[in-house]
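Please walk me through this structure in connected paragraphs, beginning in its interior and moving on to its charged pairs and its surface.

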Amino acid sequence: MGSEKSFTTGSINRAIFMLSIPMILEMVMESLFAIVDIFFVSRVSVNAVATIGLTESVIFLVFAIAIGLSMAATAMVARRTGENKPEDASEAAWQAILIASVFSMLISIGGFFFAKDILALMGASPEVVEEGYGYTKWMLGGNITIMLLFLINAVFRGAGDASLAMRTLWFANGINIVLDPILIFGLGPIPAFGVEGAAIATTIGRGSAVIYQLYNIFYKSNAIKIRVHHLKPNFKVMKKLIEVSLGGMGQYLIGTASWLFLVRIVSMFGSDAIAGYTISMRIIMFSILPSWGFSNAAATLVGQNLGAGQPERAEKSVWVCAKYNMFFLLVVSIIFFILAEPIVSLFNAEGLVTTYAVQALHYITTGYIFFAYGMVISQAFNGAGDTRTPTIINFFAYWLFQLPLAYMLAVTLKMGPGGAFLAVAISIVFIATSFVLAFRRGKWKKVKI
């Protein structure tokens with residue numbers, strides 16, 4: 001029910017459970033947005049599906065800003081909560097909302113008035129532009145719903161109210177599921193909007209959830225309560241939020257861009273290799289959703305306990321989160337090793353596509369145990385407000401280690417797609433080791449935000 005907000009005392013195991021379970025369910029709800037949209041839109045036309053793919057490429061910019069600000073907001077709100085300064089936590093929350101609103105308005109202007117140009121710039125055919133620009137206009141024009149939904153949920157998590165963040169996404173997703181088929185295909189007097197209807201439904205769903213969030217932080221929430229005197233801009237707090245968020249944006253952009261280049265290496269071996277890798281990555285991304293629950297729990301626990309002047313409890317919380325994550329991913333990796341082929345077959349894969357997808361699952365999941373520690377400790381740094389360290393590690397690990405290694409194994413040594421998959425597994429070990437060594441140095445305990 002979310003009645004517990006502070007996790008600076010008592011059982012660490014209980015704190016992890018109380019935070020991670022709603023966070024896991026929240027991540028599952030977030031993933032359903034994309035699944036529901038593509039499920040209905042795929043019944044409209046190929047051009048409609050292409051529109052979603054091209055628009056999502058542009059929305060990466062929105063996600064980068066939203067994720068960066070969310071990391072900063074979680075860290076600062078958690079720190080103020082741990083210091084038992086609810087007024088300052090509320091102040092930080094509102095300043096983060098102001099920053100997100102300014103960024104989103106700039107993107108909205110460009111997206112609303114230049115939707116056709118954006119699609120054409122992304123390489124869309126004239127037919128795709130004509131059929132799909134309405135979707136792009138709604139998604140980019142209404143990007144404030146994406147931005148604020150991410151951000152305010154991050155505020156709730158930082159304040160220890162993971163259950164409210166979870167219920168918000170349930171609410172948003174429920175509206176989206178109901179409206180999607182109605183607005184895409186029409187119902188009674190409601191006309192069929194086609195692919196544009198998916199964007200309208202998503203925007204209404206997310207927008208309704210944002211209204212629910214604002215209602216809570218203005219009138220109902222005990223953890224974060226914004227009053228009239230908080231509404232004026234506080235440029236000192238804004239400056240610190242932006243400084244911390246730049247590292248978060250960098251982490252997201254570095255990871256996303258490196259993934260695109262890895263796809264480019266795999267694409268050298270044909271469409272079967274690409275299809276197999278894409279299927280395996282979708283399976284992997286879904287399987288690690290619970291791991292994000294443990295990782296986000298670690299971020300909140302680090303922020304709150306550093307704020308309470310308990311760095312040793314903060315560190316212990318991270319190791320316990322990582323241990324539970326390791327046990328979970330160990331079970332998942334065993335399942336993938338034994339049942340990789342039946343799991344891949346659920347995606348209607350056959351022939352070489354199946355071979356490559358199974359190979360990718362087998363290779364990449366060998367690094368799952370290390371990945372468990374890497375992702376938790378990365379979020380622990382972010383929770384402490386040290387977004388710079390993960391950014392540096394990710395840059396070296398992905399761009400100067402993983403990508404050159406993938407090219408060498410796959411192309412130079414002629415191992416094919418398997419070489420690229422093996423490079424991912426090896427880089428996971430490298431990344432995790434780097435994070436553990438950096439974390440043990442303890443400099444994150446002294447970060448001031």
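Ile224, in this predicted model, is in contact (heavy atoms within 4.5 Å) with Val77, Ala89, Ser90, Ala93, Val155, Ala159, Asn216 and Ile217, once its neighbours within four places in sequence are left aside. Residues are numbered from 1 along each chain as its sequence is written, and side-chain values use heavy atoms, with hydrogens and water left out. Because the model is predicted, local features need pLDDT of at least 70 and side-chain atom pairs count only at pLDDT 80 or more, while totals for chains, interfaces and linings use all residues.

Ile224 also belongs to the largest nonpolar core, which has 62 residues, and together with Val77, Ile97 and Leu151 it touches the most other members. A nonpolar core is here a set of buried Ala, Val, Leu, Ile, Met, Phe, Trp, Tyr and Cys residues joined through side-chain atoms within 4.5 Å; buried means under 20% relative accessible area, exposed means over 50%, and partly exposed lies in between, with a 1.4 Å probe and protein chains only. Among the elements that give two or more residues to this core are α1 (12–41), α2 (46–82), α3 (86–113) and α9 (235–267), and the largest share, 14 residues, comes from α2. The helices are DSSP runs of H or I with at least four residues, numbered from the N terminus. A second, separate core of 36 residues includes Tyr277, Val353, Leu405 and Ala410.

Polar side chains can be buried as well, as Gln402 shows: this residue of helix α15 (residues 388–412) counts as buried because its relative accessibility is 6%. The side chain of Gln402 is joined to that of Ser427 by a polar contact of 2.8 Å, a term for a pair of N or O atoms within 3.5 Å in which, within protein, one must be able to donate a hydrogen and the other to accept it, and for which residues adjacent in sequence count only if both atoms are side-chain atoms. Leaving aside neighbours within four places in sequence, Gln402 is in contact with Leu262, Ala397, Ala423, Val424 and Ser427.

Turning to charged pairs, the count comes to 8 salt bridges, each a side-chain nitrogen of Lys or Arg within 4 Å of a carboxyl oxygen of Asp or Glu. Glu83 and Arg80 form one of them, with their closest N and O atoms 2.8 Å apart, and these two residues are linked with Lys85 in a network of salt bridges. Arg80 is buried, at 12% relative accessible area, whereas Glu83 is partly exposed, at 26%. Another pair, Glu243 and Lys239, has its closest N and O atoms 2.6 Å apart, and both residues lie in helix α9, 4 residues apart, about one turn of the helix. Lys445 and Glu312 also meet in a salt bridge, at 3.4 Å from N to O; this pair links distant parts of the chain, with Lys445 in the segment after α16 (417–441) and Glu312 in helix α12, 133 residues apart.

Helix α12 appears again at the surface, where it gives the most, 7 residues, to a nonpolar patch of about 780 Å² whose members include Leu330, Ile334, Phe337 and Phe370. Such patches are made of residues with over 30% relative accessible area and no salt bridge, where like charges are joined within 9 Å and nonpolar side chains (Val, Leu, Ile, Met, Phe, Trp, Tyr) within 5 Å; the accessible areas come from the Shrake-Rupley method with a 1.4 Å probe, and for residues only the protein chains shown count as cover. Both α12 (311–345) and α14 (368–383) supply at least two residues of the patch. Ile334, found in helix α12, counts as partly exposed because its relative accessibility is 44%.
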